[in-house]
Amino acid sequence: MATKKSVGSLKEADLKGKKVFVRVDLNVPLDDNFNITDDTRIRAAVPTIKYLMDHGSKVILSSHLGRPKGVTPKYSLKPLVPRLSELLGVEVKMANDCIGEEVEKLVAGLPDGGVLLLENVRFYKEEEKNDPEFAKKLASLADIYVNDAFGTAHRAHASTEGVAKFLKPSVAGFLMQKELDYLVGAVANPKKPFAAIVGGSKVSTKIGVIESLLAKVDILVLGGGMIFTFYKAQGYKVGSSLVEEDKLDLATSLMAKAKEKGVSLLLPTDVVIADKFAADADSKVVPAAEIPDGWMGLDIGPDSIKTFNESLDKTQTIIWNGPMGVFEFDKFAAGTVAIAKKLAELSGKGVTTIIGGGDSVAAVEKVGLADKMSHISTGGGASLELLEGKQLPGVLALNDA
Ligand SMILES: Nc1ncnc2c1ncn2[C@@H]1O[C@H](COP(=O)(O)OP(=O)(O)O)[C@@H](O)[C@H]1O
Ligand SMILES: O=C(OP(=O)(O)O)[C@H](O)COP(=O)(O)O
């Protein structure tokens with residue numbers, strides 16, 4: 001079955017004076033003093049909220065923060081109110097709960113265009129259990145449901161899935177639609193040649209993505225910790241690099257599958273090795289097949305960067321998931337930085353560049369190139385599931401267009 005891409009549109013909904021329950025993903029990182037260290041997800045939620053405000057809706061925002069077990073003040077959404085208010089240009093009201101009488105009163109007092117933020121929906125265990133009675137209580141607050149929480153769309157929870165059953169219309173917000181357009185649309189009908197770059201630590205977490213992409217791409221570039229399993233499968237010495245011994249046959253079969261499908265599979269030809277897993281490790285560049293005992297590969301080497309760049313120059317669509325090396329250590333960030341720079345450069349030339357969530361987004365942000373890409377996903381797990389060809393419960397629950 002094709003992944004659901006088309007869902008009811010927010011633009012078709014009658015919004016004036018309506019109470020709209022909007023599930024957003026405001027699960028942002030906070031430091032020990034409750035300062036927001038990355039507000040990307042808040043900014044990404046703004047277009048839908050503003051649209052609803054401008055169309056006279058009473059906006060009820062719901063989100064989770066972290067993974068609390070019961071009511072946990074540390075996971076309150078209150079610290080987000082000032083930034084949200086600033087971005088929206090209104091004073092956002094905060095509820096101390098997400099259901100119940102006090103919340104109902106606050107909703108009743110909302111003017112058209114007003115915004116109320118409900119407290120962390122995961123303070124109730126019923127949320128993650130997708131309890132229908134709890135979903136019904138959430139739904140009873142509103143007339144319409146909008147799901148804009150792409151980052152949580154792979155969870156079948158009460159506020160992301162259950163609530164849609166009790167409210168009509170239930171539609172996707174603009175962020176959700178944009179994520180689907182890129183991660184489903186661009187991948188299903190890419191401008192060709194189409195390349196995927198897959199990195200990250202382990203083959204095991206990316207098998208589904210690699211298999212699914214092998215059916216679609218012209219070029220598959222592999223980097224990160226997973227390459228050593230591919231090297232070992234070819235009989236190379238890998239020193240103390242990360243290897244998944246139980247995935248050697250799988251690596252061999254993925255290489256065979258690429259050949260069978262005519263996909264150009266590119267593995268790094270040289271690697272940056274280290275004498276220990278540390279920021280201050282001794283390092284040197286060696287050919288991929290010559291990693292000495294006691295050394296581990298932590299980044300792709302300069303020759304590989306050159307070859308990868310030359311291949312990427314020929315493409316029209318690129319999707320990237322997973323860093324090329326241990327980019328958290330500056331010494332081993334060059335491969336990841338080079339790929340980020342190449343994608344930024346190609347975006348400027350009209351190539352569609354999609355960053356599929358997770359650590360690759362952190363890497364692109366670290367080098368300040370986030371705004372140069374065609375699309376940066378706000379969901380790690382959710383984008384991975386989409387790229388694997390899975391359906392997202394939060395999307396399936398919405399009314400079809
Ligand atoms: N050669 C390597 N050896 C060990 N770890 C690596 C290597 N290359 C990358 N990594 C690590 O992989 C992690 C990201 O992996 P993963 O979670 O699979 O990526 P993503 O979050 O983008 O999907 C990073 O923390 C990075 O340090
Ligand atoms: O941060 C999130 O996921 P992500 O780290 O995979 O992008 C989402 O807010 C989902 O959170 P969850 O994984 O606790 O359900």
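This report describes the surroundings of ligand 1 and the burial of helix 7 in a predicted model.

Residues are numbered from 1 along each chain as its sequence is written, and chains are lettered from A and ligands numbered from 1 in the order in which they are written. Local features need pLDDT of at least 70, side-chain atom pairs count only at pLDDT 80 or more, and totals for chains, interfaces and linings use all residues, while side-chain values use heavy atoms and leave out hydrogens and water.

Around ligand 1 there are 18 residues, of which S201, K206, G297, E328 and D359 come nearest; a residue is near if one of its heavy atoms lies within 4 Å. By class, this shell has four nonpolar, eleven polar (Gly counts here) and three charged residues (Asp, Glu, Lys and Arg). Strand 12 (296-300) and helix 12 (359-366) each give the shell at least two residues; helices (H or I, at least four residues) and strands (E, at least two) are DSSP runs numbered from the N terminus.

The table gives polar contacts, pairs of N or O atoms within 3.5 Å.

| Protein atom | Distance to an oxygen atom of ligand 1 |
|---|---|
| K206, side-chain N or O | 2.9 Å |
| G322, backbone N or O | 3.4 Å |
| E328, polar side-chain atom | 2.5 Å |

On its own, ligand 1 has 580 Å² of accessible area (Shrake-Rupley method, 1.4 Å probe), and the protein covers 82% of that.

Helix 7 (residues 207-214) is largely enclosed by the rest of the structure, because six of its eight residues are buried (under 20% relative accessible area, 1.4 Å probe, protein chains only). The buried residues are I207, V209, I210, S212, L213 and L214. Their cover includes helix 6 (174-188), strand 7 (194-198) and helix 13 (380-387).

How values were computed. Polar contact = N/O pair within 3.5 Å; in protein donor to acceptor, adjacent residues only side chain to side chain. Buried < 20%, exposed > 50% of the residue type's maximum accessible area, 1.4 Å probe, protein only. Contact = heavy atoms within 4.5 Å.
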